[in-house]
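Please walk through the structure below, starting from its charged side chains and ending with the chain as a whole.

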Amino acid sequence: MLDNLSIVLFGTKYPENVGSSARAMTNMGCNNLTLVRPASWNMDKALPLATVKGRDIVEKAVVSDNLSEALKDHTRVYGTTARTGGWRKGVMTPSNAAPLIVEQLRAGEKVAVVFGPEDRGLTNDETQLCSRLINIPTSRDNSSLNLSQAVLIILYECFKNALDKPFTPAGPPEERSTSFEEQEILASNLQETLLAIDFLKADNPDYWMMPVRRFMARIDIKRNEFNLLMGICRQIKWIAGQAGKK
């Protein structure tokens, strides 16, 4: 799905962040990882954070000493930035960038998304190598994101846009609505129950039951809810009966 998309981590300080980024990548179906001038690359420290699923991504990661060299085979390059002032105009959000990235991937282009060092991000010179910039909106009080969080957010938007049809959660199983006959049975049982606990007045219970019936008419009672309410009625009537024997 995201076969031609590469995540490029430039100057990453902590190998653990590489591992957790690889885990985020495997969650979203992206397998191409390039490390450019990692500050202290140690695969043994990265692998535990990558987990079993992300191990292959870390082990096959391309390690390069030059950002331009790492990007040379890509037709589109997106840089990430936390700063939007100055000359950094036309910065896109992940949700704006993702449809464009997916469109380019479907056209057969090779796309790279570049993430800078954790402490400073990409410099102006480094962002000049990128055709577009992406900024992840955050709270003004704390705009700093963990590297793997940033990777996950951008890849999630790409993954979502690459789906053939929108993902919808399965949700609970559908239950049929109660029939008119079942609704009458339930109403009758409720009336008997409310009489048993002296909630309804015995002199004219049908009249005093009318607000309950109006309430029931406004809601769509499902069959499983019918069973639940019938069970409650049985239990209450049994308890009321036991109390009357004392």
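Which residues are linked in a network of salt bridges? They are Arg-176, Glu-182 and Arg-223. The model in which they are found is a predicted one, and every value that follows is computed from it.

The count of salt bridges comes to 12. One of these pairs joins the side chains of Lys-13 and Asp-119, with 3.6 Å from N to O. Lys-13 sits in the loop between β1 (5–10) and α1 (15–27), while Asp-119 sits in the loop between β5 (111–115) and α5 (124–127), so this salt bridge ties together parts of the chain that are 106 residues apart in sequence. The two partners fall into separate classes of accessibility. Lys-13 is partly exposed, at a relative accessible area of 30%, whereas Asp-119 has 54% and is exposed, because the cut-off for that class is over 50%.

Another salt bridge is formed by the side chains of Glu-109 and Arg-76, at 2.8 Å from N to O. This pair, too, links distant parts of the chain: Glu-109 belongs to the loop between α4 (94–106) and β5, Arg-76 belongs to strand β4 (residues 76–80), and 33 residues separate them. Glu-109 has a relative accessible area of 19% and is therefore buried, since the limit for buried residues is under 20%. Arg-76 counts as partly exposed, at 34% relative accessibility.

A further salt bridge brings together the side chains of Arg-120 and Glu-126, with 3.6 Å from N to O. Here the acidic partner, Glu-126, counts as buried at 13% relative accessibility. The basic partner, Arg-120, is partly exposed, with a relative accessible area of 40%.

From charged pairs the path leads to aromatic ones. How many aromatic pairs does the structure hold? It holds one. The pair consists of Tyr-207 and Trp-208, with 5.0 Å from centre to centre and 80 degrees between the planes, which makes it edge-to-face. The angle decides the class, because planes over 60 degrees apart count as edge-to-face. Both members have part of their area accessible: Tyr-207 counts as partly exposed at 47% relative accessibility, and Trp-208 is partly exposed with a relative accessible area of 35%.

Strand β1 is the next stop. Why is β1 described as largely enclosed by the rest of the structure? Six of its six residues are buried, so the description follows directly from the count. The cover extends to both faces of β1: on one side Leu-5, Ile-7 and Leu-9 are buried, and on the other Ser-6, Val-8 and Phe-10 are buried.

The strands paired with β1 can be named. β1 and β5 run parallel and are joined by five bridges; within this pairing, Leu-9 of β1 has Phe-115 of β5 as its bridge partner. β1 also runs parallel to strand β2 (residues 32–36), again with five bridges between them. In that pairing the bridge partner of Phe-10 is Val-36 in β2. The connection from β1 to β2 involves α1, and the three elements β1, α1 and β2 make a right-handed β-α-β unit.

Ser-6 gives a closer view of this strand. Ser-6 is placed in β1 and is buried, with a relative accessible area of 8%. Which residues is Ser-6 in contact with, leaving aside its neighbours within four places in sequence? The contacts are Asn-32, His-74, Val-111, Ala-112 and Val-113. Of these, Asn-32 falls within the residue range of β2, and Val-111, Ala-112 and Val-113 fall within that of β5.

It remains to place these parts in the whole. The protein chain has nine helices and six strands. Of its 246 residues, 38% count as buried. Among contacts between residues at least 6 apart in sequence, 82% join residues at least 24 apart. The radius of gyration of the protein chain is 31 Å, but a compact globule of 246 residues would have one near 18 Å. Along its principal axes, the C-alpha trace spans about 90 × 40 × 35 Å.

Technical notes:
Residues are numbered from 1 along each chain as its sequence is written. This is a predicted model: local features need pLDDT of at least 70, side-chain atom pairs count only at pLDDT 80 or more; totals for chains, interfaces and linings use all residues. Side-chain values use heavy atoms; hydrogens and water are left out. A salt bridge is a side-chain nitrogen of Lys or Arg within 4 Å of a carboxyl oxygen of Asp or Glu. Helices (H or I, at least four residues) and strands (E, at least two) are DSSP runs, numbered from the N terminus. Buried means under 20% relative accessible area, exposed over 50%, partly exposed in between (1.4 Å probe, protein chains only). Rings of Phe, Tyr and Trp (its six-membered ring) pair if their centres lie within 6.5 Å; planes under 30 degrees apart count as stacked, over 60 as edge-to-face and the rest as tilted. Two strands pair if DSSP finds at least two bridges between them. A crossover is right-handed if, with the strands pointing away from the viewer, the path from the first strand over the helix to the second runs clockwise. Contact means heavy atoms within 4.5 Å. The radius of gyration is taken over C-alpha atoms; the globule rule is 2.2 Å times the number of residues to the power 0.38.
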